[in-house]
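Open the model in your viewer and show side chains as sticks. The tour below goes through salt bridges, one selection at a time.

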Amino acid sequence: MTELICIACPIGCMLTVTVQADGEVAVTGNRCPKGAVYGREEILAPKRVVTAVVRTDSEAFPCIPVRTDGSLPRELITGLIEDLARLSVRLPAARGTVLIENYRGSGVNVIFTRTLPPSSPLPASGHPPQNGEGRGGVAPTD
């Protein structure tokens, strides 16, 4: 017997999931059909949405956030994180654009979650903008 809090809908039911002797999975405590599906999947084949960052070619924006567009089987998550750590993308990038299509045949894509402009040369100082300088903010004064 396993107790879970359902995340399939906003109610957040406390589920009790039991694998019976014949292999059937019984779910109780759910107040909607989504809870029964979630409880079974969580015990038999857990999946997660993965969020991460990927390096870019930009000094002003060294990383860009990405996520899967669906839930990925748990056994593929470590491999995805390792693959993302080896990547470096060239900007520009548009939010929602697919970075990796159909990761390892899972039917799940990795997409950018932010739009970033093309890489630009560094300012005359030779360093990326900091503390708002060059972005319309106020730079600190000494």
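Start with helix H2, residues 74–86, and select Asp83 and Arg86 in this predicted model. The two residues are 3 apart within the helix, so about one helical turn separates them. Display the distance between their charged groups: the side chains meet in a salt bridge, at 2.4 Å from N to O. Colour by accessibility next, and Arg86 comes out as exposed, because its relative accessibility of 58% is over 50%.

Keep Asp83 selected and add Arg104. Asp83 also forms a salt bridge with Arg104, where the closest N and O atoms are 3.5 Å apart. This pair links distant parts of the chain: Asp83 belongs to helix H2, while Arg104 sits in the loop between strand S9 (98–100) and strand S10 (110–112), 21 residues apart. Arg104 is exposed, with a relative accessible area of 52%.

Now show the three residues together. Asp83, Arg86 and Arg104 are linked in a network of salt bridges.

Clear the selection and move to Glu42 and Arg48. What joins Glu42 to Arg48? A salt bridge does, and its closest N and O atoms lie 2.7 Å apart. Is Glu42 buried or exposed? Glu42 counts as buried, because its relative accessibility of 15% is under the 20% cut-off. Its partner Arg48, at 33% relative accessibility, counts as partly exposed.

As a last step, list every pair that meets the 4 Å criterion for a salt bridge. The count for the model comes to 4 salt bridges, among them Asp83 with Arg86, Asp83 with Arg104 and Glu42 with Arg48.

How values were computed: Residues numbered from 1 in each chain as written. Predicted model: local features only at pLDDT ≥ 70, side-chain atom pairs only at ≥ 80, totals over all residues. Heavy atoms only, no water. Buried < 20%, exposed > 50% of the residue type's maximum accessible area, 1.4 Å probe, protein only. Helix = DSSP H or I, 4+ residues; strand = E, 2+ residues; numbered from the N terminus.
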